[in-house]
Amino acid sequence: MNAIDLESPTLRGLDGIPADDREQSAASYRSDQEVRWCPGCGDYAVLAAVQSFLPRLGLRRENIVFVSGIGCSSRFPYYLNTYGMHSIHGRAPAIATGLALARPDLSVWVVTGDGDALSIGGNHLIHALRRNVNVKILLFNNRVYGLTKGQYSPTSEPGMITKSTPMGSVDHPFNPVSLALGAEATFVARAQDSDRKGLTEVLGAAAEHRGSALVEIYQHCPVFNDGAFDLLKRDGTDATHPPAVIPLRHGEPLRFGPPGGEHRVIRDPDTGALRVVAPGTGFETSRTVVHDTGTTDPTHAFSLSRLDAPDTGHVPMGIFRAVRRPSYDDLARGQLAAARRSGPADLTALLHGSETWTVAPASHPAAGETP
């Protein structure tokens with residue numbers, strides 16, 4: 001985040017105390033509302049992680065806003081002692097964009113789900129990312145519609161049997177990280193609800209990023225899609241089940257698995273694509289790809305996102321991309337400031353524009369004449 005002026009009246013608490021002069025804890029961000037999700041839902045773990053993380057921002061609660069759409073995850077604003085809005089289906093990024101434009105003193109967050117963000121809200125999501133609006137988007141992905149009781153979603157795997165696909169889904173699913181990188185989002189990451197440490201690290205990096213930040217969170221739905229992410233629990237100690245999670249650490253080689261049985265990510269010399277190779281397959285360790293989150297070209301990050309395609313058993317986890325580009329709201333405010341410096345605006349000239357046309361009144365034929 002940019003440096004914050006704690007003496008600014010807009011960043012003081014309601015009691016007038018600057019942000020860093022009052023103790024904050026996870027309890028400071030718990031609202032008085034009863035938290036209600038299904039037993040075992042991953043949303044509980046994400047909520048606890050977010051509540052524990054927010055004090056680290058060093059902001060007053062009234063300078064943090066959570067906007068949600070529709071879905072199980074969209075209950076979030078009720079459970080956080082910040083400002084918030086439970087908005088309409090798929091439109092949370094649009095509302096958050098307005099807030100970011102109008103209130104540069106706010107830390108604006110969006111909480112959405114795979115159905116809310118990638119179906120009816122698809123265009124709002126990709127354009128917020130494309131514009132690099134200074135909002136942080138937490139996309140909970142449980143690969144199913146939970147609130148409406150178990151229909152398949154835009155991220156459901158092919159063949160998934162649900163109430164709306166009794167013979168199995170024939171849709172090709174979205175990869176949210178690939179989608180965000182295709183929109184050239186400046187910050188893209190993935191975490192999982194059960195990894196408190198990894199999730200908190202990703203949230204911290206997203207908060208510090210100036211511009212759009214998308215964090216996909218794999219979220220367990222025990223009722224309608226139980227076991228969807230059991231793959232991630234493999235640690236590689238069983239030779240018949242290689243490890244699944246590829247940890248992404250900037251500047252480090254992409255290798256994973258137990259010592260002596262490490263898998264590596266290399267670039268295929270024939271196709272140029274990234275692929276995972278198992279130990280003992282004769283590859284050269286010097287060909288191991290080193291992860292770089294800061295490359296301007298998103299090709300590297302996009303190639304990594306394709307490793308978790310349905311035909312592979314590996315899932316990169318962490319920060320894929322983190323680059324700097326001017327944010328949409330900063331640029332818009334810059335234009336507004338420039339317009340104010342240029343003096344009073346001529347509204348009539350603005351309405352007329354640089355080109356005008358005079359439309360002559362139509363002539364009407366006299367009575368009895370043929371038009």
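## A tour from the antiparallel strands to strand 6

Begin by selecting strand 8 and strand 9 (residues 263-267), which run antiparallel and are joined by 2 bridges. The model on display is a predicted one. Within this pair, Phe256 stands opposite His263 of strand 9. Extend the selection to strand 10, and an open sheet of 3 strands appears, in the order 8-9-10 and with antiparallel pairing. Strand 8 (255-256) and strand 10 (274-277) each have a single partner strand and stand at the edges, so one side of each is left without a neighbour in the sheet.

Next, select strand 6, residues 213-218. Of its 6 residues, 6 are buried. Colour the side chains by direction: Ala213, Val215 and Ile217 point one way, while Leu214, Glu216 and Tyr218 point the other way. This pattern can be read against a general rule: in a regular strand, side chains alternate between the two faces of the sheet. In strand 6 both sets are buried, Glu216 included.

Now add the strands paired with strand 6. Strand 4 (residues 136-141) runs parallel to strand 6 and is joined to it by 6 bridges. A useful pair to label here is Phe140 with Ile217, which stand opposite each other. Strand 5 (residues 187-192) is likewise parallel to strand 6, with 6 bridges between them. For this pairing, label Phe187, whose bridge partner in strand 6 is Ala213.

Keep strand 5 and strand 6 on screen and select helix 7 (residues 196-208); together the three make a right-handed β-α-β unit. From first C-alpha to last, the 13 residues of helix 7 reach 19 Å, close to the 18 Å expected at 1.5 Å a residue. Its buried residues are Gly198, Leu199, Thr200, Val202, Leu203, Gly204, Ala206 and Ala207. What do these buried residues of helix 7 pack against? Their partners are helix 1 (43-53), strand 3 (107-113), strand 4, strand 5, strand 6 and strand 11 (315-322).

For the last stop, select helix 3 (residues 92-102) and helix 5 (residues 122-131), whose axes come within 8 Å and cross at roughly 35°. Show the side chains at the contact: helix 3 contributes Pro93, Ala94 and Thr97, and helix 5 contributes His124, Leu125 and Ala128. By residue class, the contact of helix 3 with helix 5 holds 4 nonpolar and 2 polar residues, and no charged ones.

Technical notes. Residues numbered from 1 in each chain as written. Predicted model: local features only at pLDDT ≥ 70, side-chain atom pairs only at ≥ 80, totals over all residues. Heavy atoms only, no water. Buried < 20%, exposed > 50% of the residue type's maximum accessible area, 1.4 Å probe, protein only. Helix = DSSP H or I, 4+ residues; strand = E, 2+ residues; numbered from the N terminus. Pairing = 2+ DSSP bridges. Right-handed = clockwise from strand over helix to strand, strands pointing away. Expected span 1.5 Å × (residues − 1). Contact = heavy atoms within 4.5 Å. Axes fitted to C-alpha atoms, helices over the stretch in contact; angles between N-to-C directions. Nonpolar A, V, L, I, M, F, W, Y, C, P; charged D, E, K, R; others polar.
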